[in-house]
Structure formats: structure tokens, C-alpha cells
Amino acid sequence: MQSPAKWLSAMLLVVSTSGYAADEVQSKPVLNQDVINRLIDMGNYLRTIKRFNVAVQVSQDVELDSGYKVKTLGTVDMTVDGRTHLVAHLASDRYVRSFYYNGTQFTQYSPALKYYTTVKAADNVYDMLHEVEDYYGIQVPLEDLFQFGRDQDQIDALTMAAYVGPSKVAGKTCDHYAFSQPNADWQLWIAREGNPLPCRLVITSTDSESRPEYSAEYHWNLKPAIKSGEFTFQPGKGDIAIPLKKADADTAAQ
């Protein structure tokens, strides 16, 4: 099964809401340019934020060998400072990982196993994310927040972009949009008031009979307190450094 994060990487666009209104989901497939523009506007705005923290509640369907589908839960907490510093902590029902990037080095750490690996990294977060995924097969959580609306080929791949209507997410009014593309349907909620921040994302894989879903609800802080040394991993007692090897083609494609 293709991972939800992979779907995100494979789709990415952003919607804009101003002046657009609809009372119900449109019944026929439609590519609404206002919706596509909203998606692009959101992505452009996200790339202007110099510093932020985002706490995310996630859920992901996992299909067991028996064919039964279960929902796993987790959280991601990410802090970004400029385009050269990032730290993310992922805690899910399946595993726990931390990721550190300080502009020159990238570290992945498993606190349960006490293994970590550090490699040289590109000098900006965009290239670093591509590098660790393409070369090492590592997907940093929420990497798509940096990619929404950047790739015209992915925008061109959309087969539907529609406005659903206003919706409450964590007490805030957000505009709800629906998209389709080959192998995935996805829904995006964007804050109606203030900055065009994503409120919620739901992705449904349509290339599997069980149609597994991934969902994420975002809680933003645009004025986070940054701790000294927060972006550089410091091994603790018992932590063991291990080498990070280049992923083979099959692993990188998962």
C-alpha cells in the first residue's frame, strides 16, 4: 500500500477561498480555477512563514493480512526556523521517531531502539527533504507543507477541484475543498479568517479496494519559543550511532 505521506507528495496544491461560495458539493466532476488558486495561495503563504510550530493529530488506516482495516492514531510536532532549521517528533501507535536538521546535518533518531543516524544535508530545508527521501528513502513528517502548490505537473494532474462549503475545525471556521487525481481523492480545509493556514487534510487512496484513509488536523503557532540547540541532535547515554545507507529503488518508491 502506498503511504499517505507519499500521496501527499504526489499531489500537493492549495486552495483559496475569498469571494467564493457554494452551498453544497457539486454533483459532477469539475475543475474550479478559484479552488486551484486557493490551493496555490495557501502553499505560497506557507512558504513565506519564517518561523512556526505545528502540532498535528493524525490517523491512518492500515490493512491487516486478513484484509481487515484498522485505524492507527498518532501525533506530529514540528518546529521550523527559517529555511535551515527543522525538528519534528512523530509518535504513533506503530513507532516513534525524531528528525533534526540544522542546516548542515540531518539526524533520524529512534528513542525506543536508541539508534540514531546523522548525515550531511543540503543547505536548505526544501533540498534536504528531497535528498533524504530520494537517496535514503526517509520521509520527514509533514514535508508536504513545504510543497503545496509548487509543482505545476501535479496541479495539472487534478481531475477535480471543488468547493464544498464552510466547516468548523477545532472551533474555527474553515473552507472545505475536495480534489481528485489518479489514485487518490483528498479533502482540504483552509482557515477562512486570517492567514490561509491548512486546518485539516483527508486523503483516500482509490487504487486499493479497501480505500484506506489518512487524516491530519493542524494546530498552528506562528510565534513559537525556540530553544537553544533544539535543531541539533545530542545523543544521550546508551544511544548508538548507525550508518545510513542509500535506499534501493523499491524501498525509495514505497
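Strands S7 and S8 pair in the antiparallel sense, with nine bridges between them. In this predicted model, the two strands form a hairpin with two residues between them. Ala170 sits in that turn and has a positive phi of about 50°. Close by in the sequence, Val169 has Lys172 of S8 as its bridge partner.

Let us follow S8 onward. On from S7, strand S8 also pairs with S9: eight bridges join S8 to S9, and the two run antiparallel. One place to look is Tyr177, which stands opposite Leu188 in S9. S8 and S9 again form a hairpin with two residues between them, and here Asn183 is the turn residue with a positive phi, of about 75°.

How much of S8 is covered? Eight of the ten residues in S8 are buried, so the strand can be called mostly covered, taking buried to mean under 20% relative accessible area. Gln181 lies in this strand, which spans residues 172-181. Is Gln181 buried or exposed? With a relative accessible area of 9%, Gln181 counts as buried because the cut-off for that word is 20%. The side chain of Gln181 also has a polar partner: it makes a contact of 3.2 Å with the side chain of Trp186.

S8 carries one end of a covalent link as well. The structure holds one disulfide, and it joins Cys174 to Cys199 with an S to S distance of 2.2 Å. Cys174 belongs to S8 and Cys199 to strand S10 (residues 198-205), so the bond ties together distant parts of the chain, 25 residues apart. The angle about the S-S bond is -95°, and the link is left-handed. Both cysteines, Cys174 and Cys199, are buried.

Now step back to the sheet that holds these strands. Twelve strands form an open sheet, and its pairing is mixed. Reading across, the order is S7-S8-S9-S10-S11-S1-S2-S3-S4-S5-S6-S12. The edges are S7 and strand S12 (240-241), each of which pairs on one side only. As a general point to keep in mind while turning the model, side chains in a regular strand alternate between the two faces of the sheet.

Further along that order come S1, S2 and S3. Strand S1 (residues 51-63) and strand S2 (residues 69-81) run antiparallel and are joined by 13 bridges. Asp61 stands opposite Lys71 in S2. The hairpin of S1 and S2 has five residues between the strands, and Gly67 in its turn has a positive phi of about 95°. S2 then pairs with strand S3 (residues 85-92) through eight bridges, again antiparallel. Gly74 stands opposite Ser92 in S3. Three residues separate S2 and S3 in their hairpin, where Gly82 in the turn has a positive phi of about 65°.

With the strands in place, where does helix H2 lie? H2 lies across S7, S8, S9, S10 and S11, and it runs at about 65° to S9. The helix covers residues 33-46, 14 residues in all, and reaches 20 Å from its first C-alpha to its last. That span is close to the 20 Å expected at 1.5 Å a residue. At the start of H2, a side-chain oxygen of Asn32 comes to within 2.7 Å of the backbone nitrogen of Asp34.

Which residues of H2 are buried? They are Val35, Ile36, Arg38, Leu39, Met42, Gly43, Tyr45 and Leu46. Their cover includes strands that H2 lies across: S7 (160-169), S8, S9 (184-191), S10 and S11 (213-221). Helix H4 (152-156) is also part of what covers them.

Finally, here is the protein as a whole. It has five helices and twelve strands. Of its 254 residues, 49% are buried. Among contacts between residues at least 6 apart in sequence, 53% join residues at least 24 apart. The disulfide of Cys174 and Cys199 offers a covalent example of a link between distant parts of the chain, with its two cysteines 25 residues apart.

Technical notes: Residues are numbered from 1 along each chain as its sequence is written. This is a predicted model: local features need pLDDT of at least 70, side-chain atom pairs count only at pLDDT 80 or more; totals for chains, interfaces and linings use all residues. Side-chain values use heavy atoms; hydrogens and water are left out. Helices (H or I, at least four residues) and strands (E, at least two) are DSSP runs, numbered from the N terminus. Buried means under 20% relative accessible area, exposed over 50%, partly exposed in between (1.4 Å probe, protein chains only). A polar contact is a pair of N or O atoms within 3.5 Å; within protein, one must be able to donate a hydrogen and the other to accept it, and residues adjacent in sequence count only if both atoms are side-chain atoms. A disulfide is a pair of cysteine sulfur atoms within 2.5 Å. The expected span of a helix is 1.5 Å times one less than its number of residues. Contact means heavy atoms within 4.5 Å. Two strands pair if DSSP finds at least two bridges between them. Axes are lines fitted to C-alpha atoms, for helices over the stretch in contact, and angles run from 0 to 180 degrees between N-to-C directions.
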